[in-house]
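Me: I'm new to this structure and would love a close look at one part of it. Could you walk me through the salt bridges, and tell me where their partners sit?

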Amino acid sequence: MLEGQVIREGQLEARSPFELRVAPGTALPESDVRTALATGDMGFLHSFTTGATVDGPGVRVVAWTSGCMWRCRYCHNPDTWSMSNGIPISIEKATEELRKYRYGLKLMAGGFTLSGGEPLMQHRFAAKLFAAAHGMGIHTALDTNGYYGDRLSDAELDTIDLVLLDLKTWDPERHKALTGMDNAPTLAFARSLAAKEKPIWVRYVLVPQLTDDPEDIKKTAAFAASLGTVARVDVLPFHQMGRFKWQKLGLDYTLEDAQPPTVESVEQTCQLFRDAGLEAY
Ligand code: SF4
């Protein structure tokens with residue numbers, strides 16, 4: 001998003017993808033939420049930003065969905081966990097918003113990224129929005145933890161040009177301790193993407209003492225390399241920019257004293273991915 005830019009769409013307003021929203025935009029009846037989720041005619045967005053350059057190739061428009069079923073200890077957006085913390089937006093409005101940017105995005109070799117939260121919590125909405133973007137000739141990317149990947153049909157996957165897949169840690173026990181969830185569905189989704197020759201960018205958050213075990217990283221790297229469709233790996237250094245959100249939301253933050261990884265440690269991690277034959281940054 002461009003510095004200082006504010007986007008408003010109905011009640012949708014955001015100044016930054018890291019903006020804190022602790023109060024729901026609208027108290028929607030539970031039945032309306034259920035209908036919206038089932039049809040995909042309405043989605044719940046935390047914010048809609050432009051100008052992002054780290055969420056896929058080129059300059060991106062990014063829609064940040066609300067709702068996530070994981071509870072990563074290092075999550076810097078815990079304010080997106082709850083679906084009700086998002087603002088309802090119709091598929092028509094969201095499509096209209098994208099339409100404004102379609103020529104600019106093509107000129108800048110950019111595209112549209114759906115991120116979160118976890119976008120596949122709202123897989124019907126996600127599928128409709130990707131179909132609309134794809135129909136306008138916009139490059140599309142899904143940023144996901146992959147857990148609900150099997151909710152998308154082959155035809156729906158065809159409208160997604162790139163998957164930004166978060167691989168948290170290889171070891172299943174460690175994964176559960178880190179995220180509260182099993183990593184098997186994510187790995188299965190990665191394999192199914194590879195079978196369809198879908199380009200993947202792996203995202204790996206490096207947290208000292210949590211995800212920096214070299215043996216664990218080597219196994220993750222070997223798995224990623226075995227897929228054959230991983231175009232790049234982004235090693236993302238842990239940071240403390242989300243700490244205030246945990247505090248504000250009254251959540252138990254276990255990484256209060258955790259430090260970001262050193263530059264050397266980020267480089268060593270990149271090297272482990274490169275040793276497996278992958279491009280890593
Ligand atoms: S998957 Fe992403 S949004 Fe969900 S808890 Fe983990 S880091 Fe946060």
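Reply: Happy to help; here is a short tour of the salt bridges, pair by pair. Please keep in mind that this is a predicted model. In total, the structure holds 14 salt bridges.

Let's start with Lys-128 and Asp-41, whose closest N and O atoms are 2.6 Å apart. Lys-128 belongs to helix H3 (residues 123-135), while Asp-41 sits in the loop between helix H1 (30-39) and strand E3 (42-52), so this salt bridge ties together parts that are 87 residues apart in sequence. Lys-128 is partly exposed, at 33% relative accessibility. Asp-41 is partly exposed too, with a relative accessible area of 37%.

Next, look at helix H2 (residues 91-107), where Lys-100 and Glu-97 are three residues apart, which means about one helical turn separates them. Their side chains form a salt bridge, at 3.1 Å from N to O. Here the two partners contrast: Lys-100 is exposed, with a relative accessible area of 59%, whereas Glu-97 is buried, at 2%.

A further pair is Lys-168 with Asp-166, where 3.9 Å lies between the closest N and O atoms. That distance still counts because a salt bridge is defined as within 4 Å. Lys-168 is buried, at 10% relative accessibility, and Asp-166 is buried as well, with a relative accessible area of 16%.

Finally, salt bridges can also join up: Asp-55, Asp-143 and Arg-203 are linked in a network of them.

Note on methods:
Residues are numbered from 1 along each chain as its sequence is written. This is a predicted model: local features need pLDDT of at least 70, side-chain atom pairs count only at pLDDT 80 or more; totals for chains, interfaces and linings use all residues. Side-chain values use heavy atoms; hydrogens and water are left out. Helices (H or I, at least four residues) and strands (E, at least two) are DSSP runs, numbered from the N terminus. Buried means under 20% relative accessible area, exposed over 50%, partly exposed in between (1.4 Å probe, protein chains only).
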